[in-house]
Protein chains: 2
Amino acid sequence: MNQDGIDLETSLGYLLKEASSVLRAAMEEVLRPLGMSVTHYSCLELLAQRPGLSNSELARGAFVTRQSMNVLLQTLEREGYVTRPAEAPVGKVLPTRLTPSGRRSLEKATVAVRSVEVRMLAGMTEVEQSGAFRSLRSMIHSLRDGNGGTNGNGGA
Amino acid sequence: MNQDGIDLETSLGYLLKEASSVLRAAMEEVLRPLGMSVTHYSCLELLAQRPGLSNSELARGAFVTRQSMNVLLQTLEREGYVTRPAEAPVGKVLPTRLTPSGRRSLEKATVAVRSVEVRMLAGMTEVEQSGAFRSLRSMIHSLRDGNGGTNGNGGA
DNA sequence: CAACCTATGTCAGAATGCTGACATGAATCA
DNA sequence: TGATTCATGTCAGCATTCTGACATAGGTTG
């Protein structure tokens with residue numbers, strides 16, 4: 001049965017997709033009452049940790065295209081959660097920052113998202129969690145650089 | 001810096017999203033020359049392993065809505081990769097099956113996808129892989145059932 | 001048998017994200 | 001200096017997926 005095909009029951013790729021799907025659904029569920037989507041939240045969280053990120057950098061961090069992030073930023077700016085200078089201080093890059101309103105909004109979202117993450121990790125030991133962390137980093141590295149995954153992460 | 005916020009650098013949830021994103025991109029890259037999307041491929045692979053699946057079942061297996069899967073199935077049917085009876089043999093369920101053409105198309109895709117999965121797992125030992133497998137199953141279980149993740153998977 | 005509940009297939013509308021393309025600013029290099 | 005290369009922000013059009021809603025089939029329960 002597995003001779004010509006990828007057994008979805010034992011495929012790590014399929015399982016990865018499933019996990020990501022379930023996680024996204026769980027996050028959307030807790031963020032919906034706050035009127036926030038996952039990408040929306042990701043953007044705010046990125047800005048909280050790295051103020052002044054450009055549109056393109058935010059897009060990469062949230063795993064969407066520049067174009068998609070741009071429309072989101074326009075909305076967030078219009079609603080007063082973020083600010084961007086009208087003119088680029090240098091080059092074309094418009095550094096984005098959270099407003100106090102955006103920061104307040106993020107705080108609630110963080111609580112909700114953290115609860116999901118806690119629930120996801122329940123039942124896993126610290127060792128299992130760090131093992132999963134290293135495995136995921138290895139997969140990402142192998143897929144990105146194409147080479148045979150030298151496991152090139154210096155450890156947690 | 002991590003007092004009020006989720007440190008994206010150490011968050012398993014963020015890493016999961018990143019891994020899934022990279023995996024999807026890698027799959028799309030190898031499937032594009034075959035004129036196939038990831039959902040497209042997932043659908044065919046599901047049908048190969050479980051012939052006669054209904055539209056709704058395929059949707060759940062590919063992690064999309066019934067509606068999305070339905071439009072995909074209409075396309076696949078029109079292009080001759082799958083067949084569905086004009087009338088439901090029982091109830092409303094229309095069991096879908098691969099045509100020989102669909103099976104040939106899937107074979108090429110499977111080779112491409114397998115190469116991606118092999119690349120992703122390069123650099124990981126068998127032990128690491130089975131560990132990652134169990135971790136992902138645990139996360140899925142914990143998020144789905146809401147309870148504290150009793151790690152209720154009977155092993156590989 | 002009748003009422004209820006669930007699941008399925010389907011239609012319509014809207015949101016979201018992506019691809020393609022363009023002009024601009026900065027860095028690199030001959 | 002001038003040409004080239006690259007990254008950025010942005011516009012337009014398109015594809016994909018989702019949400020909401022409806023009718024129908026089947027099982028369940030009184």
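Which residues come nearest to DNA strand D? In this predicted model, 20 residues lie around DNA strand D, and those that come nearest are A:S56, A:K92, B:T65, B:Q67 and B:S68. Sugar and phosphate make up 56% of the strand D atoms that come within 4 Å of the protein.

Several contacts with the phosphates of DNA strand D can be followed in chain A. A:S56 places a polar side-chain atom 2.6 Å from a phosphate oxygen of the strand. A:R60 also has a polar side-chain atom by a phosphate oxygen of DNA strand D, at 3.0 Å. At A:L94 a polar atom of the backbone is involved, 3.5 Å from a phosphate oxygen of DNA strand D.

Both chains contribute helices to the surface near DNA strand D. At least two residues each come from α3 and α4 (66-78) of chain A and from α4 (66-78) of chain B. Sorted by class, this surface has 10 polar, 6 charged and 4 nonpolar residues.

The next subject is the contact between the two protein chains. Chain A brings 62 residues to this contact, and chain B brings 62 residues. The size of an interface is often given as the accessible area lost when the parts come together. Between chain A and chain B the buried area is about 5900 Å², with carbon and sulfur atoms giving 63% of it. On the side of chain A, the residues that lose the most area to chain B are A:I6, A:F63 and A:L143, which together account for 13% of what that side buries.

Polar and charged groups also meet across this contact. There are 6 salt bridges between chain A and chain B. A salt bridge joins the side chains of A:R144 and B:E18, with 3.2 Å from N to O. Polar contacts between the two chains number 19 residue pairs, counting those with both residues at pLDDT 80 or more. Five helices of chain A, namely α1 (12-31), α2 (38-49), α3 (55-62), α5 (100-121) and α6 (126-145), each supply at least two residues of the side that touches chain B. That side of chain A has 28 nonpolar, 20 polar and 14 charged residues.

How are the two copies arranged? Two copies of a chain are related by a rotation about an axis and a shift along it. Here a rotation of 180° with 0.0 Å of shift along its axis brings chain A onto chain B, with an RMSD of 0.0 Å. The chains are therefore related as by a two-fold axis. The same surface serves both copies, as 100% of the contact residues of chain A recur in chain B. Within chain A, the residue closest to the rotation axis is A:A132, whose C-alpha lies 2.7 Å from it.

Key:
Residues numbered from 1 in each chain as written. Chains lettered and ligands numbered in written order. Predicted model: local features only at pLDDT ≥ 70, side-chain atom pairs only at ≥ 80, totals over all residues. Heavy atoms only, no water. Contact = heavy atoms within 4.5 Å. Buried area = accessible area lost by both parts, 1.4 Å probe. Salt bridge = Lys/Arg side-chain N within 4 Å of Asp/Glu carboxyl O. Polar contact = N/O pair within 3.5 Å; in protein donor to acceptor, adjacent residues only side chain to side chain. Helix = DSSP H or I, 4+ residues; strand = E, 2+ residues; numbered from the N terminus. Nonpolar A, V, L, I, M, F, W, Y, C, P; charged D, E, K, R; others polar. Near = heavy atom within 4 Å. Least-squares fit on C-alpha atoms with pLDDT ≥ 70 in both.
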